[in-house]
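Here is a short briefing to read alongside the model. Have a look at the fold first, and then let us walk through its strands, helices and empty spaces together.

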Amino acid sequence: MKVLFNDLKSVNAAIADELNEATRRVLRSGWFILGAEVEAFEQEFAAYCAVKHCVGVASGTEALQLALLACGIGPGDEVITVSFTAVQTALAIAATGATPVFVDIDPQTYTLQPGHLERALSSRTRAILPVHLYGQCADMDAILEFAARHNLYVIEDAAQAHGSTYKGSMAGSMGTLGCFSFYPTKNLGACGDAGAVVTTDAELAARLRQLRNYGESRKYRNEVMGYNSRLDEMQAAILRVKLPHLEQWNERRRNLADIYLSHLAERFCPPSVRPGCVHNYHLFVVQADDRDKLQEHLRAHDIETLVHYPTPSHLQPAFRAIKHRCCDLSVTERLAPRILSLPMFATLSDEQVEHVVRCFDSIGSAER
């Protein structure tokens, strides 16, 4: 039995008629940039996230960058974040001219450890950028309390957390701003690059709308140095089709995760779910002493896996020239070589997951 890591064709095939009608609607309209589809999606996604405003942009990375810029963050400033995530988080900070300051993660949940924030704080710190990794929300109560005490912005990297919740609050709705990616592999994925920033702050939303569109307040009136970072009509129409299916797809992922957890949790140590939180299982990861050996074993049984992420951001060559301050990152550096992502997508079958589990059973307990 072959098990793909992800199968976007099967996910899209299940709603093909709706997608076809949406794309035809855009083509018939003759309007492709910042039109009715984008406006409608922004309203619908804002409502879904329980916030007042959503600003569609070109990608998740640019969502982070523009969110930082909207808060006035730039050269000379520092932003506290984690290294144990996709490098795009740190790249977005660096793109503003600010400096990422990396703190370590909680060894149980793999998200930012709030207890390390104090030692990362300096007179130049302007914001905290927690990552809701793999679809698990960071410890937002502690992060928000620390930020309020030190007058810092909180910008949520919710690129993997569509529909995840923290104590009843939607991912992206708790900080100053929440940033989403709609890259095709995400739980809510477009058919190309796309992203959004959500907020309850009307002034920040207006600033974001300027920044994404050349800094214009009206056509040919450039108030600030802006960018070309706009969610296009076609992607917005596709996302509008998919959004009503998101809760069902997330619930399916949780059901599949339950099968994995019932067989693998004790021996292969996936991250625990924080009490009171709902995980969307964008990714399901396990630990192994010899990750490469485990990956090869699964590959031999026609099971595709990936590594998210092999090299922490602070060890990436791109950051050698940046004078970033690193706190103790021992948990990050210990976990990075151990993590393996297993197949996880909404149209994955129980039988396929059970096949994956049987292949784990066949290697015994040596990987503990």
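Let us start inside a sheet: cysteine 179 stands opposite valine 197 in β9. Please keep in mind that this is a predicted model. The protein chain has 13 helices and 14 strands. Its radius of gyration is 20 Å, close to the 21 Å that the globule rule gives for 368 residues, so the protein chain is as compact as a globular protein of that length.

**Strand β8 and its neighbours**

- The strand that pairs with β9 (residues 195–199) here is β8, and the two run antiparallel, joined by 4 bridges.
- On its pairing with β5 (residues 153–157), β8 runs in the parallel sense, over 3 bridges.
- Cysteine 179 of β8 turns up in this pairing too, standing opposite aspartate 157.
- How many of the 5 residues of strand β8 (residues 177–181) are buried? The count is 5 of the 5, so β8 is largely enclosed by the rest of the structure.
- Leu177, Cys179 and Ser181 lie on one side of β8, with Gly178 and Phe180 on the other, and both faces are covered.
- As a general reminder, side chains in a regular strand alternate between the two faces of the sheet.

**Strands β13 and β14**

- β13 (residues 284–287) is paired with β14 in the antiparallel sense, through 4 bridges.
- Within this pair, phenylalanine 284 has leucine 342 of β14 opposite it.
- In β14 (residues 339–342), Ile339 and Ser341 point one way, while Leu340 and Leu342 point the other way; all are buried.

**A three-stranded open sheet**

- An open sheet is formed by 3 strands in the order β7-β6-β12, with antiparallel pairing.
- At its edges are β7 (169–170) and β12 (277–278), each of which pairs on one side only.
- Strand β6 (residues 165–166) and β7 are joined by 2 bridges.
- Tyrosine 166 has serine 169, in β7, as its bridge partner.

**Helix α4**

- Of the 11 residues of α4, 8 are buried, so this helix is largely enclosed by the rest of the structure.
- The buried residues of α4 include Gly60, Ala63, Leu64 and Gln65. Leu66, Ala67, Leu68 and Ala70 are buried as well.
- Glycine 72, just after α4, takes a positive phi of about 80°.

**The largest pocket**

- The largest pocket holds about 540 Å³ of space.
- Which residues lie nearest the centre of the largest pocket? They are Gln88, Ser181, Tyr183, Lys186 and Tyr309, out of 27 lining residues.
- Ser181, met above as a buried residue of β8, is thus also one of the residues nearest the centre of the largest pocket.
- At least two lining residues come from each of α4 (60–70) and α5 (88–95).
- It is α4 that gives the largest share of this lining, with 3 residues.
- The lining of the largest pocket has 12 polar, 11 nonpolar and 4 charged residues.

**The cavities**

- In general, rolling a probe the size of a water molecule over the atoms shows where empty space is left.
- The structure holds 2 cavities of 30 Å³ or more, and the largest cavity has a volume of about 120 Å³.
- The largest cavity is lined by 14 residues, and those nearest its centre are Leu8, Val11, Lys186, Asn187 and Arg253.
- Two or more residues of this lining come from each of α1 (8–13) and α10 (246–268), and α1 gives the most, with 3 residues.
- Lys186 is listed nearest the centre of the largest cavity and also nearest the centre of the largest pocket.
- By class, the largest cavity is lined by 6 nonpolar, 5 polar and 3 charged residues.
- The second largest cavity has a volume of about 70 Å³.
- Among the residues lining the second largest cavity are Tyr134, Leu261, His279, Phe284 and Val285.
- The lining of the second largest cavity has 9 nonpolar residues, 1 polar residue and no charged residues.

**The chain as a whole**

- The C-alpha trace of the protein chain spans about 65 × 55 × 35 Å along its principal axes.
- Of its 368 residues, 56% count as buried.
- For contacts between residues at least 6 apart in sequence, 73% join residues at least 24 apart.

Conventions
Residues numbered from 1 in each chain as written. Heavy atoms only, no water. Buried < 20%, exposed > 50% of the residue type's maximum accessible area, 1.4 Å probe, protein only. Pairing = 2+ DSSP bridges. 1 Å grid on protein atoms, 1.4 Å probe; cavity = no way out; pocket = protein on both sides within 12 Å on 5 of 7 lines; lining within 4 Å. Points joined across faces, edges and corners; volume = space filled by probe spheres on them. Nonpolar A, V, L, I, M, F, W, Y, C, P; charged D, E, K, R; others polar. Rg over C-alpha atoms; globule rule 2.2 N^0.38 Å. Contact = heavy atoms within 4.5 Å.
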